[in-house]
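Here are a few exercises to work through with the model open beside you. Try each task before you read its solution.

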Amino acid sequence: MKKGDVTCSECGAGFRRLELASGPATQGEYRCPTCGEILEKFDGSAFVAYRLTIQPSIRGVRD
């Protein structure tokens, strides 16, 4: 299992990213639920999950 942190470049929201080599693989993309920015595109080689850990800045959401 790989763990890491990802920050949305558009609104500043922070996420914990988990990647598992075993289990059902994920294909597609993950978008920031606040602003819609694409954070990652998945190739189907691993299962990837995101969890919001830092709320986005209000300034980034308004712009």
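**Exercise 1.** Work out how many helices and strands the protein chain has, and in what order they run.

*Solution.* In this predicted model, the protein chain contains one helix and five strands. Reading from the N terminus, the order is β-β-β-β-β-α.

**Exercise 2.** Find the residues of the largest nonpolar core, and name strands that each supply at least two of them.

*Solution.* Start with burial: 29% of the 63 residues in the protein chain are buried. The largest nonpolar core has 10 residues, namely Val 6, Cys 8, Cys 11, Ala 13, Phe 15, Cys 32, Leu 39, Phe 42, Val 48 and Tyr 50. Next, match these to the strands: β4 (38-43) and β5 (47-54) each contribute at least two core residues.

**Exercise 3.** Classify the aromatic pairs that Tyr 30 makes with Phe 15 and with Tyr 50.

*Solution.* Step one: the ring centres of Phe 15 and Tyr 30 are 6.0 Å apart with 80° between the planes, an edge-to-face pair. Phe 15 sits in strand β2 and Tyr 30 in strand β3, so this pair ties together parts 15 residues apart in sequence.

Step two: the centres of Tyr 30 and Tyr 50 lie 4.3 Å apart with planes at 0°; planes under 30 degrees apart count as stacked, so this pair is stacked. Tyr 50 belongs to strand β5, 20 residues from Tyr 30.

Step three: compare burial. Phe 15 is buried at 1% relative accessible area, Tyr 50 is buried at 15%, and Tyr 30 is partly exposed at 21%. Together, Phe 15, Tyr 30 and Tyr 50 form one aromatic cluster.

Notes
Residues are numbered from 1 along each chain as its sequence is written. This is a predicted model: local features need pLDDT of at least 70, side-chain atom pairs count only at pLDDT 80 or more; totals for chains, interfaces and linings use all residues. Side-chain values use heavy atoms; hydrogens and water are left out. Helices (H or I, at least four residues) and strands (E, at least two) are DSSP runs, numbered from the N terminus. Buried means under 20% relative accessible area, exposed over 50%, partly exposed in between (1.4 Å probe, protein chains only). A nonpolar core is a set of buried Ala, Val, Leu, Ile, Met, Phe, Trp, Tyr and Cys residues joined through side-chain atoms within 4.5 Å. Rings of Phe, Tyr and Trp (its six-membered ring) pair if their centres lie within 6.5 Å; planes under 30 degrees apart count as stacked, over 60 as edge-to-face and the rest as tilted.
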